[in-house]
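Here is a friendly walk through one protein model, written for someone who likes to know the cut-offs behind each term. Please keep the viewer open as you read.

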Amino acid sequence: MRIELLSPAEMGEADKRAIEAGPFDGIGLMHNAGAAIAREVLARYPAAGPVHVLCGPGNNGGDGYVVARLLAESGAAVSLWASGPPRAGSDAAIAAAECPLEPLPLADFSAAPGSIVVDALYGAGLSKPLDGEAARAVERVAGLGLPVVAVDLPSGISGDSGRATGPAFYAELTVTFARKKPGHLLMPGRGHCGEVVVADIGIGDAVIGGLQVRTFENGPALWLTALPVPDVDTHKYRRGHVGVFSGGPASTGAARLSALAAARSGAGAVTVLSPANALMVNAAHLTSIMLRKIDDTAELEAFLAERRPSALVLGPGFGVGEKARDFALAVLGAQGGVEGLVLDADGLTAFRQQPDLLFAAAAPKDGPALVLTPHDGEFARLFPDLATDEVLSKPERARKAAARCHGIVIAKGPDTVIAAPDGRAAINANGAPWLATAGSGDVLAGLVAGLLAQGMPAFEAACAAVWMHAEAGSHFGPGLIAEDLPLALVPVLRALIAEP
Ligand SMILES: NC(=O)C1=CN([C@@H]2O[C@H](COP(=O)(O)OP(=O)(O)OC[C@H]3O[C@@H](n4cnc5c(N)ncnc54)[C@H](OP(=O)(O)O)[C@@H]3O)[C@@H](O)[C@H]2O)[C@@H](O)CC1
Ligand SMILES: [K+]
């Protein structure tokens with residue numbers, strides 16, 4: 001699977017390098033792009049009524065002229081609407097000259113029900129919100145409920161950020177070239193794209209490889225080789241030991257959800273670390289998972305020294321306050337053995353007044369890895385300036401946050417982004433609305449810790465956990481509650497580990 005996500009700038013560079021490398025020149029790539037779209041239109045709408053191709057002034061419009069010509073040659077009834085002539089000397093001007101159809105002014109666009117729309121107004125070169133005739137075309141198409149096939153991106157959607165700065169088409173199908181772009185996976189872009197097809201237009205893997213892309217679609221291809229599989233001669237502590245901090249007697253369930261997920265991920269041992277007053281509640285609900293009393297930092301340090309847990313989860317149901325901060329800092333300061341700390345929920349909020357305290361504790365390179373799992377609200381508490389920066393895309397925000405906190409940031413949402421301090425970022429796209437349920441985040445935190453404890457590098461562990469969590473939720477479907485998730489991970493893990 002080709003998992004690189006190319007920004008519009010990287011795509012432009014790929015285009016340039018592919019032309020230099022040959023065999024296709026600019027108009028050659030455009031012919032390939034147009035042919036791929038025409039093929040999809042004919043395959044998906046074989047009994048289609050008239051096709052209306054809307055062309056903008058740039059190369060996105062150029063692709064549209066190729067599509068219009070090819071569809072007309074195949075016998076389809078095609079109308080061509082253009083916002084203006086392409087720039088003289090551009091590839092789009094060549095494509096327009098090759099197209100025998102006379103363009104009608106976009107301002108006059110109208111279509112009968114039953115028509116298909118090919119949106120070739122703006123793609124990678126979108127530079128401002130759609131307005132005037134383009135905005136009216138979006139409105140008319142939506143009003144008529146016509147199916148839209150978008151060329152590269154639905155016009156109005158940013159390929160970088162997935163944002164719609166103004167009106168934007170809702171496509172049934174988006175055909176893009178060489179690789180997906182971040183805007184296909186980030187919200188709201190993802191909701192505008194419909195199905196996304198990636199067409200090979202002759203830009204080779206070597207060209208893409210040379211770009212040193214740092215943004216990926218999250219999926220097994222990104223981390224499967226790092227997924228821990230136990231050796232035949234293993235024993236339970238070699239499979240990693242996870243400690244999960246529990247809250248007080250009235251809020252222990254979240255820690256147990258994390259603990260169960262850590263256990264299901266393959267960690268050999270899991271211990272719930274409970275205050276004395278919640279020991280009995282936890283004991284009544286735990287079987288294979290161990291229990292240990294920890295009320296203060298001295299008890300925590302004794303546990304770390306004696307039992308040498310490899311990863312810890314702090315936050316779910318824990319309560320916000322000094323104890324959360326002290327415990328997190330003690331874990332990050334632990335000498336040797338601790339692979340990582342997953343800080344979630346209350347563990348994040350506890351640092352809202354002094355995020356730098358946390359970030360400084362995570363700075364030493366030989367210390368435990370820090371993984372933060374904020375939803376939007378928690379992200380804004382720790383990184384208020386990044387959260388309110390309207391210019392940054394979600395991956396850029398997460399990258400800056402990761403660099404600042406010296407840790408992995410899992411910026412949760414329908415388009416969860418995982419970022420590392422070294423600049424890598426992955427966008428998750430297999431999420432399901434069923435996952436938006438209380439306790440779902442606790443399961444994710446435990447899953448990350450379980451993988452960390454088994455020695456998976458932190459970025460890969462975070463990406464794998466997010467993907468598996470979403471996959472488990474999608475497979476389970478309607479009726480999902482967080483208690484179902486740990487067991488729903490089993491078929492997901494089985495399928496991954498069975499893969500050659
Ligand atoms: N790269 C590749 O590998 C290949 C790329 N291909 C295709 O090329 C596409 C990229 O082409 P592109 O760079 O010419 O950009 P495109 O989206 O056509 O727009 C640029 C023009 O629109 C204008 N403009 C922008 N927004 C506007 C607005 N809201 N309202 C009004 N005007 C607006 C903008 O004006 P300016 O910003 O300069 O003022 C400029 O004139 C890409 O998506 C793919 O389909 C394929 O052929 C195969 C190979
Ligand atoms: K488009």
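Which residue of strand 6 stands opposite alanine 150? Threonine 174 in strand 6 takes that place. Before going further, please note that this is a predicted model, in which local features need pLDDT of at least 70 and side-chain atom pairs count only at pLDDT 80 or more, while totals for chains, interfaces and linings use all residues. Residues are numbered from 1 along each chain as its sequence is written, and chains are lettered from A and ligands numbered from 1 in the order in which they are written.

**Strands 4 to 7**

Helices (H or I, at least four residues) and strands (E, at least two) are DSSP runs, numbered from the N terminus. Two strands pair if DSSP finds at least two bridges between them. With that in hand, strand 5 (residues 148-151) makes a good starting point. Strand 4 (residues 116-120) runs parallel to strand 5, and three bridges join them. In this pairing, valine 117 is opposite valine 148 of strand 5. Between the two strands the chain passes through helix 5 (residues 132-144), giving a β-α-β crossover that is right-handed (with the strands pointing away from the viewer, the path from the first strand over the helix to the second runs clockwise).

In a regular strand the side chains alternate between the two faces of the sheet. Both faces of strand 5 are covered: Val148 and Ala150 are buried on one side, and Val149 and Val151 are buried on the other. Here a residue is buried if 20 or more other C-beta atoms lie within 10 Å of its own, exposed if 12 or fewer, and partly exposed in between, with C-beta atoms placed from the backbone.

Strand 6 (residues 173-177) is joined to strand 5 by three bridges, again in parallel. Leucine 173 of strand 6 is the bridge partner of valine 149, and leucine 173 also has a bridge partner in strand 7, glutamate 195. Four of the five residues of strand 6 are buried, so this strand is largely enclosed by the rest of the structure.

The parallel pairings that have five bridges are set out here for strands 6 and 9.

| Strand | Partner strand | Bridges | Residues opposite each other |
|---|---|---|---|
| Strand 6 | Strand 7 (residues 195-199) | five | leucine 173 and glutamate 195 |
| Strand 9 (residues 241-245) | Strand 10 (residues 269-274) | five | histidine 241 and alanine 269 |

**An open sheet**

Strands 9 and 10 belong to an open sheet of 10 strands with the order 8-17-16-15-14-13-12-9-10-11 and mixed pairing. Strand 8 (215-217) and strand 11 (290-293) stand at the edges with a single partner strand each, so one side of each has no neighbour in the sheet. From one strand to the next, the twist averages 20°.

Leucine 314 sits in strand 12 (residues 311-314). Is leucine 314 buried or exposed? Leucine 314 counts as buried because it has 28 C-beta neighbours inside 10 Å. Leaving aside residues up to four places away in sequence, leucine 314 touches Phe245, Ala324, Phe327, Ala328, Leu341, Leu343 and Gly347 (two residues are in contact if their C-beta atoms, placed from the backbone, lie within 7 Å). Aspartate 344 is 30 residues from leucine 314 along the chain, yet their C-alpha atoms are separated by 6.3 Å.

**Two packed helices**

Two packed helices are described by the angle between their axes and the distance between the axes. Helix 20 (residues 458-476) packs on helix 21 (residues 485-498) at about 100°, with the axes 8 Å apart. Axes are lines fitted to C-alpha atoms, for helices over the stretch in contact, and angles run from 0 to 180 degrees between N-to-C directions. Helix 20 and helix 21 are therefore roughly perpendicular to each other (angles under 35 degrees count as roughly parallel, over 145 as roughly antiparallel, 65 to 115 as roughly perpendicular and the rest as oblique). Residues making the contact include Met468, Ala472 and Phe476 of helix 20 and Leu485, Leu489 and Val492 of helix 21.

**Backbone details**

A cis peptide bond with omega of about 5° joins glycine 22 and proline 23, and proline 23 is in the loop between helix 1 (8-21) and helix 2 (26-44). Another cis bond runs from methionine 187 to proline 188, with omega near 0°.

Alanine 345, in helix 14 (residues 345-349), has a positive phi of about 45° although it is not a glycine. Histidine 406 is not a glycine either, and its phi is positive at about 55°. Alanine 345 is buried, with 26 other C-beta atoms within 10 Å, whereas histidine 406 is partly exposed, with 19.
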